[in-house]
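Visitor: I would like a close look at a single helix, and at how its side chains are placed relative to the rest of the chain. Could you take me through one part with some care?

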Amino acid sequence: MQYYEKAILIYESIPYYESLERYHLSLNDLSVLYKDVNISKSIDLSHKLLKAQKSVSFSSIDSLKVNSNISAFYLENGEYEKALYYNNIVLNARESQIPPDYDKIRISNSRAASIYRKLNNYEKAIFYSEKARELAFKLYGEESVEYVRSLQNTSVYYLDKGDIVQALEFGKK
């Protein structure tokens, strides 16, 4: 990590246009590396990258990926409202992309379900889990790991809600 930090300092001292791509890549890599050590540092670095991206017309790092990382970092840090905010940015953008990347939409729906569960909003957790499950079925079929995992998640959300009958129904599938 110390080499990434040194690299960032070097890139910040070089004329902007010569180091932009490497600077963005280093910020992204360092934010991911810090995830297990200092989640707040990961969040700060990701916000710094988003700000740097807004000042230019092109970046080698997809801003949806950065927003998705920020959502994951906030979720892991227990800041669920912020996690939801950044996940919604990603989900709305992915749903409006042409052509849509349905697997990434599935992943964003699944994350939304996880966040709503943490917020004790089981209705919305179930709603987004169902959307993720439907996409997993269409993309991978009923024998896929993705589909089975989404069934398990939906079952857990129904159990959290106190609906044992529905939880058992999804658990049997």
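Guide: What follows looks at helix H8 and then at the core to which it contributes. Please keep in mind that this is a predicted model. Helix H8 runs over residues 145-161, and its length can be checked simply: at 1.5 Å a residue, its 17 residues should span 24 Å, which agrees with the 24 Å that separates its end C-alpha atoms. Along this helix the buried residues are Tyr147, Ser150, Leu151, Thr154, Ser155, Tyr157 and Tyr158. Viewed down the axis of H8, these buried residues fall within an arc of 160°, so they line one face of the helix. An α-helix has 3.6 residues a turn, so residues three or four places apart point the same way. On the other side of H8, Val145 and Leu159 are exposed, whereas the buried residues are covered by elements that include H6, H7 and H9. Just after the helix, Gly162 adopts a positive phi of about 95°.

Turning to the wider setting, the largest nonpolar core has 34 residues, of which Ile70, Tyr74 and Tyr128 touch the most other members. H8 is one of the helices that each supply at least two residues of this core, and H6, H7 and H9 are also among them, while the largest share, six residues, comes from H3. Tyr128, within H7 (122-140), touches Leu91, Asn109, Ala112, Ala113 and Tyr116, when residues up to four places away in sequence are not counted.

Key. Residues are numbered from 1 along each chain as its sequence is written. This is a predicted model: local features need pLDDT of at least 70, side-chain atom pairs count only at pLDDT 80 or more; totals for chains, interfaces and linings use all residues. Side-chain values use heavy atoms; hydrogens and water are left out. A nonpolar core is a set of buried Ala, Val, Leu, Ile, Met, Phe, Trp, Tyr and Cys residues joined through side-chain atoms within 4.5 Å. Buried means under 20% relative accessible area, exposed over 50%, partly exposed in between (1.4 Å probe, protein chains only). Helices (H or I, at least four residues) and strands (E, at least two) are DSSP runs, numbered from the N terminus. Contact means heavy atoms within 4.5 Å. The expected span of a helix is 1.5 Å times one less than its number of residues. The arc is that of the directions from the helix axis to the C-beta atoms.
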